[in-house]
Amino acid sequence: MADPRAAKAVVGVNTPTTARSAEAGFRGLSQARRQRMLELLFLLPAVAFLLVFFGYPIVENVVMGFERYTTSTFFTGHAPWAGLANYRAVLRSSVFTEAARNTLLFTVGSIVGQFTIGLGLALYFQRKFPLSGLLRSLLLLPWLIPLLAATTVWKWMLDADNGVINRLLVDVHLTANHPGAHPGWLTSPSLALVSVILVNIWIGIPFNATILYGGLRDIPEHLYEAAALDGATRWRAFRHITWPLMRPVVNVVLVLGVVYTLKVIDIILGLTGGGPANATQTIATQSYQLSFVQFDFGQGAAAGNILVVISLVFAVLYLRANRRAVTA
Amino acid sequence: MTRFPAFLSRSRLTAVTALAVLIACAAYGAATSAAASKTARATSIRVVDYYASEPDKSIVGGVLNACGKSVGVKINRDAIPGPNLIQKVLQMASSHTLPDVLMLDNPDLQQFAQSGALTPLGNYGITAKGYQKGVVAASTYKGKLYGLQPITNSIALFYNKDLLAKAGVTPPTTWAELRADAKKLTSGSTYGFALSAPATYEGTWQFMPFMWSNGGDERNIATPQVAAALQLLVDLKSDGSMSASVVNWSQGDVDDQFKAGNAAMMVNGPWQFPVLNAVTSLHYGVVPIPVPKAGGVPVAPLGGETWTVPNTGNTAHEQLAAKVVRCINSDKNELLFGKKRQVVPTKLALLPQFVRANPALKAFSTVVRTARARTGELGANWPKAATKIYTAEQCALTGQGTPEKCLAQAQNG
């Protein structure tokens, strides 16, 4: 705002009468309206971008959920209206209840694990010690490995017969050395979801640790010094300084975490393909399955829309929490 | 907040508008030139297939070029990796840029024929006389032939000769023998038997020989015949003769287990020959998959790809494309593909001479004679049935229920 011309322009907008008398008759447009138009024009690229890349796909997906959209549609361009038939089919299929339950367990389990370990590591690295910088960057590794490669390696490690994890368990005598006794990490319906959650936690830790670490660094050191003078111990310092000041960052991490976790499919497809016996099927993998394996794009879109609505609830919660944080 | 002042000149606005118009014109120009080329005389045709990795890429490429030459047209080929083919073809269909010749995996053909994206080969005087019955069924939709499939493959029982000799057993021919032999062959970290049973169509594909050979039918899987087939696999698992991990193994994983000596017998296909032959210490043989009772006929699923002529609206191109499809399916090329790609020709009359020249494919040539197409009965509805089949298989193999209960559950969706 150092530029006086800009300042004058602001005044011009705020007091339209002066502007009108000064620039009256300029091509039939008052300066205020010209100004207004220019502002709108500058908005145009952003609005166009949002409409083309967010609005259009979402509207299309919502519409597709109400259509019988199959392979034929791609060739003929014709998708008959199906009303709520797709939603009915998705909600009534026997897999859906299980998928919904798995989605909930997968999301809650992953977030709790990622967040606690991430926060623990962030607090740990807050202190300076030899090699802390190097170790902190190594922490990012799971994030840098392509997901497909990571899941393939995990699949090998978790193999019931020859995987390194079961070998280790045998070596420390936690399981008997005969194949029937080995835990089927990815092949037993009761363990598979746990394994998939554990791998997802491993992948999510760097994201949580990094953002939380950044948040911790933003807390001014002098607050802790002042608290120390007042005799606040470590836990009380965390409780009364760190946690309240971290609130906005924690909100971001949790909401983004939930949205990212809800839509995970690559990890599940890579590890179990939704099996065994649908034990790791989530709404996201179900949507993928319907659209790209069975080519029932209408039902796939319906399942996807259900997921979008769930994500939206969290996004709204996030926005509200943020607004409260700003106004507070 | 910064206000944008009046110094944004009109000339700049004009420039932006001009740019937008220019882009629109360019897009229109591209569209019209594409339309213009449609009416021009055909000197080249576009071919899409999924043989994107060697050696298949070159073998198929060689045949395509030779066929192009004999028809007098240049071949522009696009080999798309298998998993992406369908999505790519759907995109092409919606943007009206389907190729002139399109290869499809045989169970996908009927869905595409149903959409109207393919032209009946009868239009070009092509028939499938002399072809294996199941192969023709897979490429037929509502009584019309839409594709021609030069070669096929299937699955059979691979066995490790050394391990069988050591245990003193001969390759099993019946289910009872399979179960007994698998038990004898199981010791230490070696399982007697392995197959692929993941929650994908691969799992369904590998289960079909057991289900079909016992008289099971995909129209209704909640039958005693299918339950008995599933019970066999459950028994093999509870005997300890088959790893519980099969529910997460692809066919490639099964091959790795067999190669490493962790499985004495496995269900797999001839595409594994190159991988297995590379292991010099491994001696293996192939026999048809055991049948429920002695003297029964093994019914295995047919694999392989079919070549089609998409509906591009350009008659000149379609005629040429049909000639190329016919050429790909000539006797000479069927034998050439069979030999070089370790697959089986689809014209039954060619089989005797083919087996003489390629004894390693004897078992598969036998299997193919009686094999069935997955889409032979249900056509475009096959994917739904296939999903039910692998769902029931996973349910039973992970002990979620008895085969009967799992099959009934899956059948009712």
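Reader: Which residue with a positive phi follows H15(A)?
Author: This is a predicted model, where local features need pLDDT of at least 70, side-chain atom pairs count only at pLDDT 80 or more, and totals for chains, interfaces and linings use all residues. Residues are numbered from 1 along each chain as its sequence is written, with chains lettered from A and ligands numbered from 1 in the order in which they are written. Helices here are DSSP runs (H or I, at least four residues), numbered from the N terminus. After H15(A), phi turns positive, near 60 degrees, at A:Phe295.

Reader: How many residues of helix H15 of chain A are buried?
Author: Buried means that 20 or more other C-beta atoms, placed from the backbone, lie within 10 Å of a residue's own. Among those that pass in H15(A) are A:Ile283, A:Gln286 and A:Leu290. The helix spans residues 283-293 and is mostly covered, the buried count out of its eleven residues being eight.

Reader: Which helix gives the most to the side of chain A that touches chain B?
Author: Contact means C-beta atoms, placed from the backbone, within 7 Å, and 38 residues of chain A meet 37 of chain B that way. H1 (4-14), H3 (31-64) and H4 (71-76) of chain A each supply at least two residues. With six residues, the top giver is H3(A).

Reader: Why does the largest nonpolar core lie between domain 1 and domain 2 of chain B?
Author: Such a core joins buried Ala, Val, Leu, Ile, Met, Phe, Trp, Tyr and Cys residues through C-beta atoms within 7 Å. Of its 166 residues, B:Ala194 and B:Met265 touch the most other members. It lies between the domains, whose bounds come from an automatic or database domain assignment, because residues come from both domain 1 (43-152 + 303-370) and domain 2 (156-300 + 379-411).

Notes
Two residues are in contact if their C-beta atoms, placed from the backbone, lie within 7 Å. A residue is buried if 20 or more other C-beta atoms lie within 10 Å of its own, exposed if 12 or fewer, and partly exposed in between; C-beta atoms are placed from the backbone.
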